[in-house]
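Reader: I am in my first year and still learning to read folds, so could you take me slowly through one part of this model, the open sheet and what lies around it? Please begin with the whole chain, so that I can place that part before we look closely.

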Amino acid sequence: MMIRNATMADLAAVAEVEKRCFPAAEAATEEEFRARLAAYADCFWLLFEDGRLVSFIDGMATDEPDLRDEMYADASLHRPDGRWQMVFGLNTLPEYRRRGYAGRLLEALVRASRERGKAGVVLTCKERLVPYYASFGFADEGLSSSTHGNVAWHQMRLIFHDA
């Protein structure tokens, strides 16, 4: 297993994993990933098993405290010195789930966000995943205003009290 940040050379593999992990209405397109990688490849963490991309986490940094739907499609909203690290997706190929890969990536993102002086990490998730993210210290802030993919999302936040 190897974890590293993404490069533009990872575009096709990232887009393929996304397609396998999210319904079409929720999945980012290859073009959206191209824009994200151009703007903030250092906010992508990829996990490889035997040379194959099997899991990744990505998101942008911003001074805005809440994750808005516009952020998914507009990479220009990224602020490298922003106070909050947003998470847009945590993807693991179905055949590689329940091996702890998603947790390792989430921990890598949290560690890097702390090191970068962020105030914390914000994500949205479906209700069934609230306990999973809570196990990493995220607090459920209730239903988000997000309507991304026509789904109800919970906003969750991990605050770094030392930031």
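Author: For a chain of 163 residues, a compact globule would have a radius of gyration near 15 Å, and the protein, in this predicted model, has 14 Å, which agrees with that expectation. Taken along the principal axes, the C-alpha atoms fill a box of roughly 35 × 30 × 25 Å, and buried residues make up 50% of the 163 residues. Among contacts between residues at least 6 apart in sequence, 66% join residues that are at least 24 apart. The secondary structure comes to five helices and nine strands, and from the N terminus on the elements run β-α-α-β-β-β-α-β-β-α-β-α-β-β.

Now to the part you asked about. Four strands form an open sheet in the order β1-β2-β3-β6, and their pairing is antiparallel. The edge strands are β1, residues 2-5, and β6, residues 89-92, each of which pairs on one side only. From one strand to the next, the twist averages 20 degrees. As a general point, strands of a sheet pair through backbone hydrogen bonds, either parallel or antiparallel.

If you start at the β1 edge, you find that β1 and strand β2, residues 44-49, pair in the antiparallel sense over four bridges, and that the bridge partner of Met-2 in β2 is Phe-48. Two helices then come into the picture. Helix α1, residues 11-21, packs on the sheet, where it touches β2, β3 (52-58) and β6, and the direction of α1 makes about 80 degrees with that of β3. Helix α2, residues 30-40, also packs on the sheet, touching β2 and β3, and the direction of α2 makes about 110 degrees with that of β2. An aromatic cluster is worth finding on your screen as well, and Phe-33, Tyr-40, Phe-44 and Phe-56 form it.

At the other edge, β3 and β6 pair in the antiparallel sense over four bridges, with Phe-56 standing opposite Asn-91 in β6. In a regular strand the side chains alternate between the two faces of the sheet. In β6, Gly-89 and Asn-91 point one way while Leu-90 and Thr-92 point the other way, and all of them are buried.

It may help to set this sheet beside another set of paired strands. Strand β5, residues 84-87, and β7 pair in the parallel sense over four bridges, and the bridge partner of Trp-84 in β7 is Gly-120. Strand β7, residues 120-125, is mostly covered, since six of its six residues are buried. Both of its faces are covered, with Gly-120, Val-122 and Thr-124 buried on one side and Val-121, Leu-123 and Cys-125 buried on the other. Six bridges join β7 to strand β9, residues 154-159, and these two strands run antiparallel; here the bridge partner of Val-121 is Leu-158. Returning to Trp-84, you can see that the charged end of Arg-157 sits over its ring, 4.6 Å from the ring centre.

Finally, consider the aromatic rings further along the chain. The structure holds eight aromatic pairs, one of which joins Tyr-132 and Tyr-133 in an edge-to-face arrangement, 5.2 Å centre to centre with 80 degrees between the planes. Tyr-132 counts as partly exposed because its relative accessibility is 30%, whereas Tyr-133, with a relative accessible area of 9%, is buried. The rings of Tyr-133 and Phe-138 have their centres 6.1 Å apart and their planes at 75 degrees, and therefore this pair too is edge-to-face, a term that applies to planes over 60 degrees apart. Phe-138 is buried as well, with a relative accessible area of 3%.

Tyr-132 also leads you to a helix. Gly-103 lies in helix α4, residues 101-115, and is buried, with a relative accessible area of 8%. Leaving aside residues up to four places away in sequence, Gly-103 touches Tyr-132 and Phe-136. Gly-103 and Tyr-132 are 29 residues apart in sequence, and their C-alpha atoms are 9.3 Å apart in space.

Note on methods: Residues numbered from 1 in each chain as written. Predicted model: local features only at pLDDT ≥ 70, side-chain atom pairs only at ≥ 80, totals over all residues. Heavy atoms only, no water. Phe/Tyr/Trp six-rings, centres within 6.5 Å; stacked < 30°, edge-to-face > 60°. Buried < 20%, exposed > 50% of the residue type's maximum accessible area, 1.4 Å probe, protein only. Lys NZ or Arg CZ within 6 Å of the ring centre and 35° of its normal. Pairing = 2+ DSSP bridges. Axes fitted to C-alpha atoms, helices over the stretch in contact; angles between N-to-C directions. Contact = heavy atoms within 4.5 Å. Rg over C-alpha atoms; globule rule 2.2 N^0.38 Å.
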